[in-house]
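The following exercises concern metal coordination, sheet topology and helix packing. Each task is followed by a worked solution.

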Amino acid sequence: MTGERILVIEDEARIAQFVERGLIYEGYRVNVARDGQTGLNIARDNPPDLVILDWMLPGLDGLEVCKRLRAAGSVPIMMLTAKDDIKDRVLGLDAGADDYLVKPFSIDELMARVRSLLRRVTPSSRPEMLRFADLSLDTGTHRAHRGERAIDLTAKEYELLELFMRNPRQVLTRDVIFDRVWGYDFGGESNIIEVYVRYLRQKTEQDNEPRLIHTVRGVGYVLREE
Ligand code: CA
């Protein structure tokens with residue numbers, strides 16, 4: 001039994017029940033909220049290890065709930081959506097979602113994504129301090145520093161930065177990044193990597209700090225000094 005607490009925010013009873021049963025069967029503790037405000041209240045009172053959040057909700061929509069959850073902390077957020085176009089994905093990512101699942105989905109796919117997100121955010125038993133130039137990353141606390149400046153990272157931002165920090169000066173192709181950070185094939189839709197690299201650059205390049213994550217056009221990205 002893993003016992004991690006998962007909050008499911010989904011108004012459609014059939015889907016909520018399907019997800020809840022699957023998660024309980026796998027040993028997770030589950031709270032279900034049928035609207036966004038209830039979900040936020042539960043998250044505040046009983047901080048979950050992961051949130052599964054439907055996009056289309058009555059009242060506060062999933063995007064707004066996502067923003068508020070993100071403003072309150074770095075809990076991994078997986079959005080459920082019937083919308084499958086790039087613009088919506090980017091909106092969700094901008095709001096701080098870590099992953100997506102497009103309806104309809106299988107319970108196996110859901111569980112694989114849940115395990116992947118939880119595994120990647122569970123602090124390792126032997127924390128390391130990864131360093132490159134004036135950037136450091138604590139694998140225990142998942143916090144980064146640029147010099148003395150602390151940088152808060154969401155779950156996926158952390159994973160992406162950790163991948164770069166563990167492979168400095170090596171060009172990482174999109175395929176490798178997808179496989180290592182998202183753990184599955186995005187079906188050729190690679191915009192998500194650009195979005196996350198942009199987030200990392202915003203966070204690691206304040207006050208004219210020199211760029212560390214460079215684009216290798218047509219190939220991928222590399223962590224290196226100018
Ligand atoms: Ca819904």
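Donors are N, O and S atoms within 2.8 Å of the metal (3.2 Å for Na, K and Ca), and water is not among the atoms, so sites may look incomplete. The model is predicted: local features need pLDDT of at least 70, side-chain atom pairs count only at pLDDT 80 or more, and totals for chains, interfaces and linings use all residues. Residues are numbered from 1 along each chain as its sequence is written, and side-chain values use heavy atoms, with hydrogens and water left out.

**Exercise 1.** Identify the protein donors of the calcium ion and their spacing in sequence.

*Solution.*
Step 1. The donors are Asp 11 (OD), Glu 12 (OE), Asp 54 (OD) and Met 56 (O), lying 2.1 to 3.2 Å from the ion.
Step 2. Their spacing in sequence reads D-E-x41-D-x1-M.
Step 3. Distant parts of the chain are thereby linked: Asp 11 belongs to the loop between strand 1 (5-9) and helix 1 (13-25), and Asp 54, 43 residues apart from it, to strand 3 (residues 50-54). Helices (H or I, at least four residues) and strands (E, at least two) are DSSP runs, numbered from the N terminus.
Step 4. Asp 54 is buried at 2% relative accessibility, whereas Asp 11 is partly exposed at 26%. Buried means under 20% relative accessible area, exposed over 50%, and partly exposed in between (1.4 Å probe, protein chains only).

**Exercise 2.** Determine the strand order of the open sheet of four strands and explain why strand 6 and strand 9 each have one side without a neighbour.

*Solution.*
Step 1. The order is 6-7-8-9, with antiparallel pairing; two strands pair if DSSP finds at least two bridges between them.
Step 2. Strand 6 (129-132) and strand 9 (149-151) stand at the edges with a single partner strand each, so one side of each lacks a neighbour in the sheet.
Step 3. From one strand to the next, the twist averages 20°.
Step 4. Strand 7 (residues 135-138) and strand 8 (residues 144-146) are joined by three bridges; Ser 136 has His 145 in strand 8 as its bridge partner.

**Exercise 3.** Describe how helix 7 packs against helix 8.

*Solution.*
Step 1. Two packed helices are described by the angle between their axes and the distance between the axes. Axes are lines fitted to C-alpha atoms, for helices over the stretch in contact (heavy atoms within 4.5 Å), and angles run from 0 to 180 degrees between N-to-C directions.
Step 2. The axes of helix 7 (residues 174-182) and helix 8 come within 10 Å and cross at roughly 75°.
Step 3. Helix 7 is therefore roughly perpendicular to helix 8. Angles under 35 degrees count as roughly parallel, over 145 as roughly antiparallel, 65 to 115 as roughly perpendicular and the rest as oblique.
Step 4. Arg 174, Ile 177, Phe 178 and Trp 182 in helix 7 meet Ile 192, Ile 193, Glu 194 and Tyr 196 in helix 8.
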